[in-house]
Amino acid sequence: MTTPASDFLPFVRPEIDAAAIADVGKVLASGWITSGPKMHAFEAALSDLFGGRPVRTFANGSATMEIALRIADIGPGDEVITTPITWVATANVVIAVGARPVFVDIDPRTRNLDLDAVEAAITPRTRAIMPVYLSGLPVDMDRLYAMASKHGLRVIEDAAQAIDSRWQGRRIGAFGDLVSFSFQANKNITTIEGGCLVMNTPEEAVRAERLRLQGVIRTGMDGMDVEEPGGKFNLTDVNAAVGLAQLGSLDTITARRAELAEAYFRCAADHGLAGLGIELPQPLDAQAATTNWHMFQVVLPTGRLQGGPAQARQRVMEALRERGIGTGVHYPPIHLFSYYRSLGWREGMLPHAERIGRGIVTLPLFPAMQAADVERVCETLSETCKRLSK
Ligand SMILES: *Cc1c(COP(=O)(O)O)cnc(C)c1O
């Protein structure tokens, strides 16, 4: 492996400002360091953001989704329809509650669930649809909810990447069924690790509170009962202090990411990336969906590059790394992982997901980047693809 230059540009870099660091210090010195006043304040601020809907926080986004599935009473014998192009947690949590993830193919333009394929996959055992908003781009929310209501299904939105994304001007999380966010270090706002669930009713929120702390119900000074066993998934006040500070910068973060995405589209045109067969994300104004630009992802023309579908991406990523540019892969298709193959999933079943899973690359995008960094990425990517073309 080559050693990165000192001016190495990673694909993501979290930014915790001095005020947040000071707030963390205050929590650590306060004598109350686990879940307490900061967690409650963070939940109240999130509830405000999501139009007053009930919100509870958890230790991470994966735990948040698992609890959402439990709140929807999804378990053995149930099917949950989802996408294979997502972080593997999306499918793993379905397995964790004893249900069966049913993968359907993606729309190659949006790289999100193809809603026609979702409808075709509904069976009498289907209990929920779990859409993922890859790189922050929502699916057609009107169609999604019309389909769910027609078939009597729950929707558990894996909105891990979609804080501050919108559908027809409405914030993701401010409407819908159960909506799960992650505050993992790479997300647009972070609590280091953490997540939150937006729910429909106070009753669901009470159940979420119990499930995140062993199912414990306390009464009076000394009463304790458990009706339904839970886990240990609470968010600490240290994490919540980071989250509160980050939430205060949300507008600035989203605006900066949109500027950088626009710079990417301009530079991609200047350097003829589309002409080289590189697929860009959906243009900014294409749909009613507004992304928060959680990632800027391109799909490489692996068939035209040296090494072919199996090797091309690795070669391009290595070449970029040698030139001081970090990239990521989000994501290889889940249905081809060994465990999921053991459930019967095979190559050829989801062709769009498989092709995009082989060619997708995440380019650097984080608020502290400069326009010159975007220029350098596009120029280097263009040169690299020309040099490595067959
Ligand atoms: C980050 C992420 C998760 C899981 O969140 P964690 O906080 O890492 O557990 C789930 N789904 C998607 C799409 C993600 O990006």
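Begin by selecting residues 178–182 and residues 195–198, which are strands β8 and β9 of this predicted model, and you will find the two strands paired in the antiparallel sense over four bridges. Within this pair, show the side chains of F181 and C196, since F181 stands opposite C196 of strand β9.

Now widen the selection to the sheet to which these strands belong, an open sheet of seven strands that follow one another in the order β1-β9-β8-β5-β4-β2-β3, with mixed pairing. At its edges are β1, residues 55–58, and β3, residues 100–103, each of which pairs on one side only. If you look along the sheet from strand to strand, the twist that you follow averages 25° from one strand to the next.

Next, add the helices that accompany this sheet, starting with residues 37–49, which form helix α2. Helix α2 packs on the sheet and touches both β1 and β9, while its direction makes about 130° with that of β1. Then select residues 141–151, helix α6, which lies across β4 (126–130) and β5 (154–158) and runs at about 145° to β5.

From here, turn to the ligand and display the residues around it, of which there are 16, the closest being G61, S62, D158, S182 and K187. Three of the side chains there are worth taking one at a time. A polar side-chain atom of S62 lies 2.5 Å from an oxygen atom of the ligand, and for S182 the corresponding distance from a polar side-chain atom to a ligand oxygen is 2.8 Å. At K187, an N or O atom of the side chain is 3.1 Å from an oxygen atom of the ligand. If you switch on a surface, bear in mind that the protein covers 93% of the 380 Å² of accessible area that the ligand has on its own.

Leave the ligand and select strands β7, β6 and β12, which in that order form an open sheet with antiparallel pairing. Its edge strands are β7 (170–171) and β12 (289–290), each pairing on one side only. Strand β6, residues 166–167, is joined to β12 by two bridges, and here W167 stands opposite A289 of β12.

Finally, zoom out to the whole protein, whose secondary structure comes to 13 helices and 14 strands. Its C-alpha atoms fill a box of roughly 70 × 55 × 40 Å along the principal axes. The radius of gyration is 21 Å, which agrees with the value near 21 Å that a compact globule of 390 residues would have.

Note on methods. Residues numbered from 1 in each chain as written. Predicted model: local features only at pLDDT ≥ 70, side-chain atom pairs only at ≥ 80, totals over all residues. Heavy atoms only, no water. Pairing = 2+ DSSP bridges. Axes fitted to C-alpha atoms, helices over the stretch in contact; angles between N-to-C directions. Contact = heavy atoms within 4.5 Å. Near = heavy atom within 4 Å. Polar contact = N/O pair within 3.5 Å; in protein donor to acceptor, adjacent residues only side chain to side chain. Areas by Shrake-Rupley, 256 points an atom, 1.4 Å probe, with all protein chains shown as cover. Rg over C-alpha atoms; globule rule 2.2 N^0.38 Å.
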